[in-house]
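Biologist: Hello! I am new to this structure, so please choose a single part and walk me through it closely.

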Amino acid sequence: MLADRGMMRHIGAMPAPAIEVKTLVKRYPSAIAVDGISFTVERGVVTALLGGNGAGKTTTLSILLGLLLPTSGTVHVLGEDILRHRYRVLPRMNFSSPFVDLPHRLTVRQNLLIYARLYGLRRRRERIEALAADLQVGAFLDRPAGKLSAGQKTRVALAKALLNEPELLLLDEPTASLDPDTGDWVRGYLEAWQARTGATILMASHNMAEVERMCADVLMMKTGRIVDRGSPRALIARYGRANLEEVFLHIVRKPEPALEAVS
Amino acid sequence: MSRTDNGATGGSAGRVWAMLLRYLYLLRSSWPRTLELLYWPTLQMLIWGFMSQFLYVNSNYVFRAFGVLLAAVMLWDVLFRGQLGLSISFLEEMWARNLGHLFVTPLRPVEWVAALLSMSLIRVLVGVVPAALLAIVLYHYSIFALGLPLVAFFAVLLAMGWALGLAICGMILRHGMGAESLAWLAVFTLSPVSAVYYPVSILPHWLQHVAWALPSTYVFEGMRTLLFQKIFRADYLATAAVLDLAMLALGAGVFALSFRGARQRGALLQMGE
C-alpha cells in the first residue's frame, strides 16, 4: 500500500504522531457531538474517519483545524498543541472540502495568489503554475471560481490545499458529487501525491470503495464515539463481511449498547 | 519573520496585504460596485449643494457660512462610508462562506481586521474625495479650506465608523446573516443625535446628553465653530478622541468575543448565505 510505504519512511525518526487526540469532548447545549474520543494518527499514513451523518466526523475535523473549540480534551497536531499554538502548526497543514467553495467572484488565479500570500509562500506564481499543470487546471486559471464545474472546483480546491506542501492534509469527502471518472482521477492524484511527499492524510468519507483503496487505517465513529478501528482488510475480516460498505452498515445499524467505544 | 519547511516566510504584513488584495480584486471585478462608491456621496453633495445655494439667499444660517451644509454632508459620509466600508468587506466573506478557508490558514483575526480597516479607508477616499472636488467645480466651495482641522475631523469620524463597524461585524458573527441589515441601518440611528446639520442646542435637553456622548457631535459642533467663528476647539477634538478610543475598545471587544463565540459554536465553517 502507498500509505504503508509513507508510514515506513517516518519510523526511523520516530517523530510525534501527526495527530494525537485525548478524551476529546464537544458538547452543545442540546447535544454531544464528540463524546470523549481518543486516537492517534501516525505520520505518513492515510486514515479515514467513517461514520453516518451526525457521527461527529466534521466536528472532529473542525477541532483539528482549530475552527472549533472543544469543550474538553487535548489535541496535538504535528507535535503542537492546536488549542494553544495553532499558528505554529497551521502553516504546515491544509484542508479541502467540496462543500466550501473558494470565493466565486475572484478568478482561480486570484484566489490561489491570495492563499499563497496567506501562507507566506515565495515564488507564488511559479508554484501556482506548477500546481495548475499538475492538477490540470491551467486552462481555467483566469476564469471566475464560481463558473467552474464540480470536477474543476474539486481540482482547484486541491490546488489551494496543496499550495503550502502540507505535512498534514485534512479532507472532507474529497470526491463527493464527482462523476466516477473524475473521482477516480482525484483518488489517483492524491495517492501519487501522498506517496511522493510522505504526507499524512485524514479524510472523512462516505465512499467505502475509496476508503478501501486509499486508506491504511479506519476510525469508525458513531454518535460522537470511536466504536472501532483497524485497516479496511482487518475490519472486513473481523466482521466477516465482503467489503467495507457492509461493515459500515453493520456498525451504523447495530443497536448502540452492543458497541463499546475503543481508543 | 519565521521560515517553515515549505519555503514559506511568515509575516503579518504579508497576510494583511493578501486580504487587502482580495478586497481590491473584488472591487475591481464589479464596475457597478465601484460606481456605487462614487454615486451616493456625489448625489448627496449635489442635493445639499443646490440646497445651500437656495438657502444662501433665504437663510441667515447658511449666509453666515456657505459651506456649513456641504461640509456637514461630506464629513457625515466619512463616518457612514467608514463604517459601511468595513462592514461590506466583512460581509463579502460571509456571502462567499469563506471564513472556513481563511481561518485554517495562518491568518490571525487581528490581521483580518487590519485589512478591513485599510479597505474602509480606501472606500472612504474613493467615495468622498471626488465629491469634494466636484463641489469646488460646481459651487466654488472647498472643504479642504478647513485646513489641518479637516484632518482631525476626518480621523475622528473614520475611527468612530471603524468602532461601529467592528461592533456590527461582531453582532453579525454572533447572530448570523439575519443581522446583516445592521450594516446599513445602525449608523443612521446616530445621525439625528450627532447634530450633523443643526446645532446640539436644538435637541431636547435630555437628548443633548446622548449627543455629547458621541465623538461625531464634537466634530460637527467643532466644524460649525470653525466656519462661523473661525475658532478651532481643541477641547472638542480631545474629548472626541477619548470617546473614540473608548468606542474602539468596545467595538474591538464585541468583535473579539463574537469571534471566539463563533469558534465555540463551529460557526466559522458554516456561516454564510
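Modeller: Gladly, and one term helps at the start: two residues are in contact if their C-beta atoms, placed from the backbone, lie within 7 Å. Please keep in mind that this is a predicted model. In chain B, for instance, 74% of the contacts with a separation of 6 or more are between residues 24 or more positions apart.

For the close look, let us turn to a sheet in chain A. This open sheet has six strands in the order β6-β7-β8-β3-β9-β10, with mixed pairing. At its edges are β6 (93–96) and β10 (225–230) of chain A; each has a single partner strand, so one side of each lacks a neighbour in the sheet. From one strand to the next, the twist averages 20 degrees.

Start at the β6 edge: β6(A) runs parallel to β7(A), residues 168–172, and four bridges join the two. Here F95(A) is found opposite L170(A) of β7(A).

Now for the helices. Packed on the sheet, α2(A) touches β3, β6, β7, β8 and β9 of chain A, and its direction makes about 150 degrees with that of β7(A). Helix α6(A), residues 150–162, also packs on the sheet, touching β6 and β7 of chain A, at about 170 degrees to the direction of β6(A).

Stay with α2(A), residues 57–65, for a moment: nine of its nine residues are buried, so the rest of the structure largely encloses this helix. Among them are K57(A), T58(A), S62(A) and L65(A). Just past the end of α2(A), G66(A) adopts a positive phi of about 80 degrees.

Methods. Residues are numbered from 1 along each chain as its sequence is written. Chains are lettered from A and ligands numbered from 1 in the order in which they are written. This is a predicted model: local features need pLDDT of at least 70, side-chain atom pairs count only at pLDDT 80 or more; totals for chains, interfaces and linings use all residues. A residue is buried if 20 or more other C-beta atoms lie within 10 Å of its own, exposed if 12 or fewer, and partly exposed in between; C-beta atoms are placed from the backbone. Two strands pair if DSSP finds at least two bridges between them. Axes are lines fitted to C-alpha atoms, for helices over the stretch in contact, and angles run from 0 to 180 degrees between N-to-C directions.
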